[in-house]
Each structure stands twice: as C-alpha cells, then as structure tokens.
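Here are my notes on this one, set out as numbered points so that you can follow along in your viewer. I hope they help you find your way around.

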Amino acid sequence: MHFDDGQTKALNGVDLEIGAGEFVAIVGPSGSGKSSLLNVIGTLDAPSSGELTFQEQAYSKIRDASLFRRENIGFIFQSFHLIPTLSALDNVVVPTIGCAGSESEFRARAEDLLIQLGLRERLHHFPNKLSGGERQRVAIARALINRPRMILADEPTGSLDSVNATQVLDILSNIAKQEGLTLIMVTHDATVSARADRIVKMRDGKIENTHGATS
Amino acid sequence: MNLFRFALDNLYRRPARSMLTISAIALGIAAVVALTSIAWGFEASWQKANDARGTDLIVTRIASENTMPSPFRSEKVQQTLEAMPQVKEVVGLLSEMLTVSEDSPPVFVFGWVYGSYLWDHLKLMDGRWPNERMEQVVVIGSLASEMLHKKTGDHVEIEGANFEIVGIFESSAVVENGALLMTLDQAQKITDKPGKVNVLNIKVDANASEADMNAIKAQVRQALPGFVAITSGELVRKNAVVRLSKAMSNATILVASLVGALVVFNTMLMSISERTREIGVLLALGWQRSTIIKLIVSESIILSLVGGAVGILIGVGITWGLEHIELMRGKIDAIFSLPFFFAVLGLSVLLGILGGLYPAVKAARLLPSNALRHE
C-alpha cells in the first residue's frame with residue numbers, strides 16, 4: 001500500500017495484516033509515517049495506490065467512510081480533542097448525534113462507560129475542570145460509545161504524566177481485551193509499546209520490522 | 001445532547017459574536033417591519049377612508065398620479081355620470097394638505113358636498129355639523145383636535161380665511177380623524193378652485209353586480225375621454241405615494257435580506273474556520289457530512305431567527321414611535337398581522353439558510369485528516 005499527501009511519499013509499500021482483537025503498537029521516529037498509516041487505516045485518508053481490507057471488506061468499496069468509521073472505528077487523539085463547552089457526559093454523547101436511536105439510551109450508555117472508567121464524580125464536569133488523565137478517559141469513553149470493532153489511538157499517553165499514562169494504557173488494553181477489540185496505537189513510548197501484542201517499527205514510510213513485544 | 005442543543009451550545013461559545021450577528025439581522029428586519037407595515041397601513045388607511053364613505057367607484061383623471069388626484073371641473077362629468085344606469089349618487093370631493101397652525105405640521109383639509117352621503121359614516125362627538133352649503137365653518141377629526149389643540153368654538157385660519165370649529169367628529173379611518181372637514185363650496189372658495197373637485201365619488205344601486213360596475217367603468221372610458229372609473233382599492237394602489245412607499249419597503253426587504261445573509265455568511269465562515277479541527281474530530285468520530293451541514297445551517301437559522309424575532313419587536317417599537325410623533329400623527333396607521341410576522345420570520349429563516357449554506361458545505365467537505373492537523 002502507498003500513500004502520498006501530494007508532496008511526500010508518506011507510506012511506501014506498506015504491507016501489514018492485523019488480527020481481530022490484536023493490540024498493535026506502531027513505533028518509529030517522527031515523520032516515519034506512523035500517523036499516516038493510522039489515518040489510512042481509519043479511512044481519514046485514502047491510499048494513493050494499493051488496497052486495504054477490513055474483515056474481507058475492501059476499503060475501496062466503502063461508499064460512506066463516515067458511516068464506516070461510526071460503525072467500526074473509535075479514535076483517540078494525543079490532545080484529547082474534547083469540546084470545551086460540553087460536559088464530560090455530553091462529550092461522550094457527541095458521536096451519536098445524527099445516529100438512529102434514542103437519546104436517553106445513548107446517554108445511559110455514556111454514563112455507564114464513564115462510570116466504568118472511574119469518572120462517576122466527573123460526569124457533569126467540563127474539560128477544563130478535569131485532569132489530563134481524566135480527559136483522556138472521557139475521550140476513551142467517546143471512542144467506545146458507538147461500539148466500534150477497532151480502536152485507533154494516536155499517542156494517547158503523549159500528553160500525560162507516567163502515572164496517568166499507565167492508568168490510561170491499562171484501561172485501554174483491558175477494555176480491548178474484554179470486548180475483543182482490535183487496538184492500534186501509535187506511540188513513541190517504549191513502555192507503552194511493550195504492552196502490545198506486536199510492535200510495528202516504521203522508518204521513511206516503510207515497515208522496518210514487525211515483532212512481538214516480548215520477542 | 002442533540003443537534004439543536006449542540007448548535008445552541010456552539011453559538012453560546014462566542015456570545016459577543018453571536019449577539020453582534022443577531023443585532024445586525026435585527027436592525028435589518030426592524031427596518032423591513034417598520035417600512036412594510038407603514039406602507040401597507042398607508043394603503044389600507046386610504047382604502048378604509050374610501051370604503052367607510054360608502055363609495056363604490058371613484059372617477060378621476062387618468063394621468064393623475066399624485067397623492068390626491070389633480071382637480072378638474074366637475075359639472076359636465078357629473079351630469080354624464082348621473083345619466084348612467086345603476087348610478088345612484090355622484091358627489092365631488094376636494095382635498096388639500098394645508099398648514100392651519102404655525103406650530104403644527106400640515107393637515108388634510110377635505111371639502112365634501114353638503115348633505116351628501118359622504119358625511120353619513122362620521123360620528124359627531126361634540127358640537128354640530130355645518131348648517132348650510134356656504135356656512136364658513138369646519139368640523140375637525142378627534143385626532144386633529146388633539147394635534148392642533150383646538151376644540152368646538154375655537155377658530156382656525158385656513159388660506160387666509162377665518163373658520164369657526166363647530167364640531168368634532170370621529171371616523172374609522174385615521175386619515176379622516178386627522179383632517180379638517182368643510183363643505184365643498186367653502187373648500188373650492190378658499191383654495192380658489194371654483195367648480196373643481198379631485199375626484200367624483202359614485203354610489204351605485206344596492207343591487208348592482210360586479211358586471212354592472214364593470215359596465216359603468218367601460219361607459220366612463222367611452223363617454224369621458226381622459227377620465228377613468230376605478231374602485232377605491234385601485235385608486236389607492238395607483239397612488240404615487242402608496243407606490244413609492246411600497247417600492248421603498250420592497251427595496252428595504254431586498255437590502256436587509258442581502259445584508260442579513262452576508263452577515264450570517266461571514267459569521268459562519270469565521271466560525272467554521274476557527275472550528276476546523278473540531279469539525280475534523282467530528283468527522284473522525286463518524287459524523288456524516290450531512291450532519292455537519294445540518295449543524296452549521298441550524299446555527300445560522302438560530303441566529304437569523306432570533307435576529308428576526310428581536311427585529312420584529314424593534315420594528316413594532318419604531319412604528320409605534322413614528323405613529324405618535326407630532327409630524328406623522330394621523331397620517332400613518334401601520335398594519336401588523338400574525339401572517340405578516342410569520343412571513344418576516346420566514347424571511348429570517350431564508351436568509352439564515354442562504355448565509356449558512358456555503359459555510360456548511362465548505363465545512364462538510366473538509367478532509368478529516370487535514371482538518372485534524374489544523375492549528
């Protein structure tokens with residue numbers, strides 16, 4: 001698979017297969033194509049050549065990428081990207097706006113998720129009243145609200161101190177395991193990648209090597 | 001959390017900008033409301049005056065485009081009209097806008113044929129009517145009495161002649177309430193237009209049909225070249241001032257809509273440019289592009305709808321104020337109605353959609369990966 005953003009070849013001949021329920025860490029220096037790979041997997045960018053498939057569905061056959069993302073993918077970002085004027089609970093509900101279904105059910109699920117993530121006391125707090133770790137937990141709940149099959153996390157612990165980073169990582173990997181979700185995480189942090197089932201190391205848009213975290 | 005609440009929340013995030021946009025729309029809508037209600041009221045008020053008098057058809061000069069049709073010698077025209085079948089009564093009317101008091105604005109002075117049906121619809125509140133054709137007296141409308149600070153027994157000087165006020169009347173038409181009324185003979189005398197009238201009022205037989213009225217119109221066209229018989233509605237609509245005020249109100253609607261849409265356009269364009277990354281996040285989270293469009297258009301409709309509602313209040317306030325300032329009293333009688341307010345709100349929604357559509361489409365077409373990188 002190839003991807004170029006019009007100026008540079010961000011991905012060059014990437015060939016990668018990820019199993020359902022697998023936790024994959026993508027590592028590599030800045031500009032190595034980690035985030036580009038994540039964006040292509042997440043249908044935020046289309047490859048300039050090559051093909052991706054998700055559970056036997058070819059990406060090129062996806063008619064509505066938004067709908068595909070909503071049904072299959074949960075995104076988590078390094079800087080949380082919460083909406084500052086909405087409470088934690090409302091932030092989690094945002095992805096359901098425009099979805100078929102009852103508002104109160106979405107709300108109840110959002111509440112359950114936040115409580116599950118240890119934010120029972122923070123449901124109605126605004127992001128500026130939450131710590132970094134709490135914000136990222138809200139973002140995790142938001143990524144899970146539509147019951148995705150795959151979580152794509154771009155440096156989810158990059159803005160957190162080590163205590164919060166460990167906590168967020170625990171939560172993510174536990175939930176992924178419990179629910180059988182595929183977790184693909186871009187990271188710089190060796191302690192983070194060490195938790196993954198597999199590490200994909202990238203350089204200059206290519207996969208340098210791929211190996212199990214413990215091998 | 002639903003789309004509407006989210007849209008409200010987004011507007012609330014930038015209160016100053018939202019308020020400024022709402023104010024700009026409100027001012028435009030206020031101008032629309034004030035000018036339109038006055039223009040329509042102006043037309044309706046004249047029509048009401050004509051209708052209240054019980055006039056079925058009005059004969060006037062074809063070329064007459066002034067507020068009051070230009071005067072003509074009535075004798076022969078009147079005789080021709082009286083000879084037509086179904087015509088019951090033909091009475092002349094002379095009308096002038098005159099200054100009767102140094103410290104008040106000009107008022108309408110009407111001269112009506114003594115003893116004619118025209119007087120029948122007025123209600124005498126005080127004093128008496130003129131006793132004969134040549135009596136040099138006036139009766140004044142209740143509003144004119146207030147404006148001129150005159151009451152029964154007082155005197156007014158009109159075109160150099162001294163008139164005693166012998167009575168005060170009330171009419172259902174505001175133009176008549178604000179006017180001075182004398183016999184036609186006196187009006188012709190003081191304005192130096194002997195034998196002349198502005199219009200001839202025709203009352204037809206009670207059983208006359210629409211076809212009979214049309215027949216009279218056709219006969220007038222044939223027998224009286226240069227003259228035309230029209231209904232009071234047609235006369236009012238033909239009136240230059242009515243047409244001018246309606247044209248002005250239409251122009252205001254156009255300009256206000258354009259400015260309103262541009263203001264919304266500018267606000268929403270700024271807003272989506274600031275929220276580019278957030279829109280990227282929403283797209284990444286699985287929001288459909290159509291949901292983004294709905295969100296932005298909802299925000300612009302909320303802005304313009306609130307602006308429209310505030311504008312209606314301001315517009316009604318302005319009109320009320322105008323109706324009550326000395327210069328305009330008795331000359332305007334603005335018309336407000338529920339359908340009119342709904343139409344104005346509809347216009348507001350329309351300009352919200354017009355102004356918001358392009359920014360909405362622009363936002364929806366953002367590439368999520370680019371939008372997420374936006375600083």
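1. Let's begin where the two chains meet, remembering that this is a predicted model. On the chain B side, 19 residues are in contact with 22 residues of chain A. Four helices of chain B each supply at least two residues to that side: helix 1 (3-13), helix 10 (276-284), helix 11 (289-324) and helix 13 (368-373). The most comes from helix 1 of chain B, which gives 5 residues. By class, the side of chain B that touches chain A has 10 nonpolar, 5 polar and 4 charged residues.

2. Next, the domains of chain B. The assignment splits this chain into domain 1 (3-46 + 242-373) and domain 2 (57-230). If you take the C-alpha centres of domain 1 of chain B and domain 2 of chain B, you will find them 45 Å apart.

3. Chain A is also assigned two domains, with domain 1 covering 1-70 + 148-191 and domain 2 covering 82-145. Here the C-alpha centres of domain 1 of chain A and domain 2 of chain A are separated by 22 Å. The contact between them involves 12 residues of domain 1 of chain A and 9 residues of domain 2 of chain A. On the domain 1 side, helix 6 (residues 162-179) of chain A gives the most, with 6 residues. That side of domain 1 of chain A is made up of 8 nonpolar, 3 polar and 1 charged residues.

4. Do have a look at the sheet in chain A. It is an open sheet of 6 strands in the order 6-7-8-3-9-10, and its pairing is mixed. Strand 6 (73-76) and strand 10 (206-212) of chain A are the edge strands, each pairing on one side only. From one strand to the next, the twist averages 15°.

5. Within that sheet, which way do strand 3 and strand 9 of chain A pair, parallel or antiparallel? Strand 3 (residues 23-27) and strand 9 (residues 198-203) of chain A are parallel, and 4 bridges join them. For a handy marker, find Val27(A), which stands opposite Lys201(A) of strand 9 of chain A.

6. Helix 1 (residues 34-41) of chain A is worth a stop, as 8 of its 8 residues are buried. The buried set includes Lys34(A), along with Ser35(A), Ser36(A) and Asn39(A). Leu37(A), Leu38(A), Val40(A) and Ile41(A) are buried too. After helix 1 of chain A comes Thr43(A), which has a positive phi, near 60°.

7. Back in chain B, helix 11 and helix 12 (residues 338-364) make a good pair to inspect. Helix 11 of chain B packs against helix 12 of chain B at an angle of about 150°, and their axes are 7 Å apart. The crossing of these two helices of chain B is right-handed. In the contact of helix 11 with helix 12 of chain B, the residues divide into 21 nonpolar, 8 polar and 2 charged.

8. Finally, a single residue: Leu20(B), which belongs to helix 2 (residues 15-52) of chain B. Why is Leu20(B) classed as partly exposed? Leu20(B) falls there because 13 other C-beta atoms lie within 10 Å, while a buried residue would need 20 or more and an exposed one 12 or fewer. Leu20(B) also lies 9.5 Å from Thr267(B), C-alpha to C-alpha, although 247 residues separate the two in sequence.

Terms used. Residues numbered from 1 in each chain as written. Chains lettered and ligands numbered in written order. Predicted model: local features only at pLDDT ≥ 70, side-chain atom pairs only at ≥ 80, totals over all residues. Contact = placed C-beta atoms within 7 Å. Nonpolar A, V, L, I, M, F, W, Y, C, P; charged D, E, K, R; others polar. Domains from an automatic or database assignment. Pairing = 2+ DSSP bridges. Axes fitted to C-alpha atoms, helices over the stretch in contact; angles between N-to-C directions. Left-handed = near helix turned anticlockwise from the far one by under 90°.
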